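Please look over the sequence and the model below before reading the report.

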Amino acid sequence: MQSPDQTIALYHPVLQSAAQKLLRCKADAEDMVQETFIKWLSIDQSTIKNTKAYLITAVTNNCINHLNALKRKKEEYLDTFHLPEFLVKIKESDFAHLDFEVEVSKAFSLILSKLEPLERAIYLLKEAFNFDYDALQELFDKKKEHLRQLFSRARKKLGENAAIIEVNEKQAQLADSFLNACKGNITDFINTLKKDIPEPSLKKIKN
């Protein structure tokens, strides 16, 4: 009869491979395999007729539960907030192994690379937080027609194909600020957006 250590050594590669195929993330797969073996060690192993089949079934179920938990987490964020059309595409993306915050950071990397600071501010505040043009005019001292042009230009730019670039510190900070705004702290997010806008752009005469 094999010892627990021998069983783990024998089946670990099989379980790791199965978990990684489901999650496509080595670290998450390792966690699910470890969880599976811990549970297996805690039960009466003499009641298991086919150890290999039990372990594969167990690790598969753990992976499915993990994916469902991540999916619920995404949906809680996405359904709670009125997110921009561009960001809602995250929900349809195949990023099951990533936290939602990381996905938003990657989306913001594209927003930062494609939009000018003022375009970015107008787009996010209008799309994500339902700011109307009166409110945007008050915030940015811009004529409404110009605001409409900026918003239209931003949507067009984000509709163009572009590679998502590496997430840097600035992008991560903006994403964090956005998520905090979604939870109610909109003032800090507005200040973060305005901080990157050249000062002269904020001193135009109101309409």
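The report takes up a pair of helices and then a single residue.

This is a predicted model, in which local features need pLDDT of at least 70 and side-chain atom pairs count only at pLDDT 80 or more, whereas totals for chains, interfaces and linings use all residues. Residues are numbered from 1 along each chain as its sequence is written, and side-chain values use heavy atoms, with hydrogens and water left out.

Helices here are DSSP runs of H or I with at least four residues, numbered from the N terminus. Helix H2 reaches 25 Å from its first C-alpha to its last, close to the 24 Å expected at 1.5 Å a residue, the expected span being 1.5 Å times one less than the number of residues. Among the residues of H2 that are buried (under 20% relative accessible area, 1.4 Å probe, protein chains only) are Met32, Phe37 and Trp40.

| Helix | Residues |
|---|---|
| H1 | residues 4–23 |
| H2 | residues 26–42 |
| H10 | residues 186–195 |

The axes of H1 and H2, lines fitted to C-alpha atoms over the stretch in contact with angles from 0 to 180 degrees between N-to-C directions, come within 8 Å and cross at roughly 140°. H1 and H2 are therefore oblique to each other, a term for angles that are not under 35 degrees, not over 145 and not 65 to 115.

Ile197 lies in the segment after helix H10, and Ile197 counts as buried because its relative accessibility is 5%. Ile197 and Glu119 are 78 residues apart in sequence, and their C-alpha atoms are 9.5 Å apart in space.

Conventions. Helix = DSSP H or I, 4+ residues; strand = E, 2+ residues; numbered from the N terminus. Buried < 20%, exposed > 50% of the residue type's maximum accessible area, 1.4 Å probe, protein only.
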